[in-house]
Amino acid sequence: MKNIIEVKNLTKKYKNLKAIDDLSFEVREGEILGLLGPNGSGKSTTINCILSLLNYSGGEIKIFGKKMNVDSYDIKRDIGVVFQDVAVFEELTVYDNIEYFCGLYIKEKDVRKKYIEEAIELVGLKDFIKFYPKQLSGGLLRRLNIACGIAHKPKIIFLDEPTVAVDPQSRNNILDGIKVLRENGATIVYTTHYMEEVEILCDRVIILDKGKIIASGTTDELKKLANIEEKVSVEVMDLDPKYIKEIENRKHVEEVVYQSPVLMITYRKGKNNLVELMEYLKEQKINYSRIFSERPTLNDVFLELTGKELRD
């Protein structure tokens, strides 16, 4: 796949603060790239620099092989942007809002009508086209926001937290729509605080912190960066502290946390941790109701690499 976006040595300074520090990466044609990081990591600044909404101190940005500038209107017409803050006209209906934003790029009436109808279908707003924004739920309003940003069929789409604070139905609708956009050839840069969305959608992930890339790769590649190998949870009532101490001293154990009735054991490495733990519980005649094992999550990788929860 060829590179659609190329960012080379991007630097953005605010007086003595480097919001972006010599950042280089590419976005490949037809992929969904997850751009992740705790608040203040530089995600929004990076996107705004790519879109030429911010001047930057150094580096170069190319889109479709051309240098991106403030007046690169030929490039900008092929870009769709859906920011986290909903930006629609309260005095216009759902249909008229989408028509207005689509009309900024598509002048032919027949083509514009077709694009509007397809955008409405994509986000599931067919039954709400005559509604005004104030009549929509939060989830429907976000769907409208997305439709306004993608109705002109851009080749590149920036989606910033598109599912924040929406109901499960709208969230699933939005995620399904994003998959369709990619299937139809769009290249997507996606930011979110929901790790399960990253697992479902993203082909690659870049983790930013303090304006630098601290990790990148597929979700499986990132999980391999975690120093922990396995987490085991056991439901056990009134566990004697002496057993907790003995488990802490067992081979490969990184951490033990007991919040009755859940005992959580984190292992650094090892392949038979679960079996060995079950044998230990049996030997000590400790009764438990449920036990299960899970591999490291993307959030675990975050904690190790940034020392922060993603929502910090």
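**Notebook: a buried arginine and its surroundings**

I began with R112, which is buried, its relative accessible area being 14%. The model I am reading is a predicted one. I located R112 in helix α4, which covers residues 109–123. I then listed what R112 is in contact with, leaving aside neighbours within four places in sequence: E99, C102, G103, I106 and K107.

**Cysteines**

C102 appears among the contacts of R112, and I looked up that cysteine next. How many disulfides does the structure hold? I found zero. The closest cysteine sulfur to that of C102 is in C148, 9.7 Å away, which is too far for a bond. I read the reverse case as well: for C148 the closest cysteine sulfur is in C102, at 9.7 Å, again too far for a bond. The cut-off for a disulfide is 2.5 Å between the sulfur atoms. I also checked whether these cysteines are buried or exposed. C102 has 0% relative accessibility and so counts as buried. C148 is buried too, with a relative accessible area of 6%.

**Overall figures**

I recorded 312 residues in the protein, of which 47% are buried. I counted 11 helices and 14 strands. The C-alpha trace spans about 75 × 50 × 35 Å along its principal axes. The accessible surface comes to about 16,400 Å², and carbon and sulfur atoms hold 47% of that area. Among contacts with a separation of 6 or more, I noted that 66% join residues 24 or more positions apart.

**Nonpolar cores**

In soluble globular proteins, nonpolar side chains tend to be buried together. The largest nonpolar core here has 47 residues, and I noted I98, L144, I178, I188 and Y190 as the members that touch the most others. Which helix gives the most to this core? It is α5, residues 138–150, with seven residues. I followed I188 further and, not counting residues up to four places away in sequence, found it touching E31, I32, L33, I157, L159, I178, L181 and R182. Apart from this core lies another, of 24 residues, including I4, L35, V189 and I206.

**The open sheet**

I traced four strands that form an open sheet with antiparallel pairing, in the order β2-β1-β4-β5. Strands β2 (17–28) and β5 (66–67) stand at its edges; each has a single partner strand, so one side of each is left without a neighbour in the sheet. I then examined the pairing of β5 with β4 (residues 58–63), which is antiparallel and runs over two bridges. In this pairing I63 stands opposite K66 of β5. Which helix packs on the sheet? I found α1, residues 43–50, touching β1 (3–14), β2 and β4. The direction of α1 makes about 115° with that of β1.

**Helix α11**

My last entry concerns α11, residues 298–306, whose buried residues are L298, D300, V301, F302 and T306. What do these residues pack against? I listed the strands β3 (32–36), β9 (204–209), β10 (212–217) and β11 (230–235), together with the helices α7 (195–201) and α8 (219–223). After α11 comes G307, for which I noted a positive phi, near 70°.

How values were computed:
Residues are numbered from 1 along each chain as its sequence is written. This is a predicted model: local features need pLDDT of at least 70, side-chain atom pairs count only at pLDDT 80 or more; totals for chains, interfaces and linings use all residues. Side-chain values use heavy atoms; hydrogens and water are left out. Buried means under 20% relative accessible area, exposed over 50%, partly exposed in between (1.4 Å probe, protein chains only). Contact means heavy atoms within 4.5 Å. Two strands pair if DSSP finds at least two bridges between them. Axes are lines fitted to C-alpha atoms, for helices over the stretch in contact, and angles run from 0 to 180 degrees between N-to-C directions. A nonpolar core is a set of buried Ala, Val, Leu, Ile, Met, Phe, Trp, Tyr and Cys residues joined through side-chain atoms within 4.5 Å. Accessible areas come from the Shrake-Rupley method with a 1.4 Å probe; for residues, only the protein chains shown count as cover.
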